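Subject: Structure handover

Hello,

Here is the structure I promised you. Please open it beside this email and follow along.

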Amino acid sequence: MIPAAFTYLRAGSVDEALALAADGGDDAKFLAGGHSLLPLMKLRLAVPEVLVDIGRLSELSYVRADGGDIAVGALTSYHDLAQSSLLARELPLLAQAASQVGDPQVRHRGTIGGSLAHADPAADLPAVVLALDAALIARGPAGVREIAAADFFQGLFESALQPGELLTEIRIPRPASAGWSFQKFTKRAIDWAIVGVAVTGGRVALVNMGQQPVRASAVEQALASGAAPRDAAAFAAEGTSPPDDLNGDVRYRSHLARVLTARALDEAAARA
Amino acid sequence: MKVSVTVNGNPVTAEVPDRTLLVHFVREEAGLTATNVGCDTSSCGACTVLLDGQSVKSCTVLAAQADGRAVTTVEGLARKGEGEAGGELHPVQQAFRAEHGLQCGFCTPGMVMAAVSLLAENPSPTEEDVRLGLEGNLCRCTGYHNIVRAILAASKEQVS
């Protein structure tokens, strides 16, 4: 399988990437590691006419402490997230979730920014940044803007990024409490999660329980009003609209959400 | 576009369509056909090569993304020696032979490259580390036990 024909352009800087994307118009796409986009292009589910390769912009690959936040460059690979000693210390939830994405080869190429911009509700990192209450920094023709993770994921493969806008950084406030957990359930090693859950502090976010990653608000409210973790987890599927597919129907996914949320809350409590 | 890749230490330059995948560049332009196209959907790992030392699935990388970089395929692992048969196999290749880490052999080039990358990152893996490290490589003969044994043996060989 090969993708439909396109024009490949390589950007040497963020400014050049924005200019090339603007010239390419609606049919231009940014290419980072390519591990979400190229498979779709091979299946002809995505047919961009212009690819702007931003993969060499090493200035967008970093993890650093910045005041009260941890700043993560959008081109940081899953592998580098998983290996980061700063994340291991300050944000182990992100490091651990990144270490479970795909397989080693995928983790060498795939990037956090690529995953978030792709906005696949079955992907792990969108739910993780939602639980972490991250701010996403985008640069576009109109300048720089900050988008809260809660506003970023708008639907199936749909983010708040405008055409020609490039996600450059993910800013994550250092969590106030130590407890965290990431749980996902897959049939086979490299599969996407049938359901996943990220817990940090009192926030709970779900993978693959709707058209976009969602906060389990009913669980959070129960926890805030003093419910025991096991009791709060019973509300995990409330207000969700999980997909119904070969991997599981709505009932099965709802059950998984409750079970995984209970495990995650238990683990987070044990770590706190 | 013109793409130049250093494949197993040798520069390979070719004018290829922009949509050319790295695996096809390696097989058709570099003429090295050990790297297999298996599932073609970045699941099976038969096309695994090293890109600047890290394992990647070459069916999901554009040749253009590897332009100016170094690729290592299984043909590039053996130490060069005198004449055709004079080379010495890489410790991972030797271990696959000694432990019979293959059945039909289709997945083997990708398995070996995944193992080389794994051992570069973790020279003394546990059996669990090895099994997790091979998540991205499928053996349809299901000969995993000997493959894992081979990689553990190679790690001991390299460490000692």
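Start with a small puzzle: which residue is the bridge partner of B:L50 in β5(B)? It is B:T72. Keep that pair on screen while you read on. One caution comes before the rest: this is a predicted model.

**Confidence**

The model has an ipTM of 0.95 and a pTM of 0.96. For chain B the average pLDDT is 94. In that chain, 95% of the residues score at least 70. Where pLDDT is low, predicted coordinates should not be read in detail.

**The sheet in chain B**

The B:L50 and B:T72 pair belongs to β3(B) and β5(B). These two strands run antiparallel and are joined by 2 bridges. β5(B) covers residues 70-72. β3(B) covers 48-51.

Now look at the whole sheet. It is open and has 5 strands, in the order β2-β1-β5-β3-β4. The pairing is mixed. At the edges are β2(B), residues 10-15, and β4(B), and each of them pairs on one side only. On average, neighbouring strands are turned by 40 degrees against each other, direction ignored.

Two helices pack on this sheet. α1(B) touches β1, β2, β3 and β5 of chain B. The direction of α1(B) makes about 75 degrees with that of β1(B). α3(B) touches β3 and β4 of chain B, and its direction makes about 35 degrees with that of β3(B).

**One residue to click on**

Find B:A30 in the loop between α1 and β3 of chain B. Is B:A30 buried, partly exposed or exposed? It counts as partly exposed, because it has 18 C-beta neighbours inside 10 Å. A buried residue would need 20 or more. Leaving aside neighbours within four places in sequence, B:A30 is in contact with B:V7, B:V12 and B:F25. B:E135 is 105 residues away along the chain, and the two C-alpha atoms are separated by 28 Å.

**Two domains in chain B**

The domain assignment splits chain B into domain 1 (2-76) and domain 2 (91-159). Their centres, taken over C-alpha atoms, are separated by 21 Å. The contact uses 15 residues from domain 1 and 13 residues from domain 2. On the domain 1 side, β3(B) and β4(B) each supply at least two residues. β3(B) has the largest share, with 3 residues. That side divides into 7 nonpolar and 8 polar residues, with no charged ones.

**Where the chains meet**

How many residues does each chain bring to the contact between A and B? Chain B brings 26 residues and chain A brings 21 residues. On the chain B side, β4 (54-57) and α3 (108-121) each supply at least two residues. β4(B) gives the most, with 4 residues. This side has 9 nonpolar, 12 polar and 5 charged residues.

**The sheet in chain A**

Chain A has an open sheet of 3 strands, in the order β1-β3-β2. Its pairing is parallel. The edge strands are β1(A), residues 7-10, and β2(A), residues 28-31. The twist averages 25 degrees from one strand to the next. β2(A) pairs with β3(A), residues 50-53, over 4 bridges. A:L31 stands opposite A:D53 in β3(A). Helix α1(A), residues 14-24, packs on the sheet and touches β1, β2 and β3 of chain A. The direction of α1(A) makes about 175 degrees with that of β3(A).

Best wishes

Technical notes. Residues are numbered from 1 along each chain as its sequence is written. Chains are lettered from A and ligands numbered from 1 in the order in which they are written. This is a predicted model: local features need pLDDT of at least 70, side-chain atom pairs count only at pLDDT 80 or more; totals for chains, interfaces and linings use all residues. Two residues are in contact if their C-beta atoms, placed from the backbone, lie within 7 Å. Ala, Val, Leu, Ile, Met, Phe, Trp, Tyr, Cys and Pro count as nonpolar, Asp, Glu, Lys and Arg as charged, and the others, Gly among them, as polar. pLDDT is the predictor's confidence in each residue, from 0 to 100. Two strands pair if DSSP finds at least two bridges between them. Axes are lines fitted to C-alpha atoms, for helices over the stretch in contact, and angles run from 0 to 180 degrees between N-to-C directions. A residue is buried if 20 or more other C-beta atoms lie within 10 Å of its own, exposed if 12 or fewer, and partly exposed in between; C-beta atoms are placed from the backbone. Domain bounds come from an automatic or database domain assignment.
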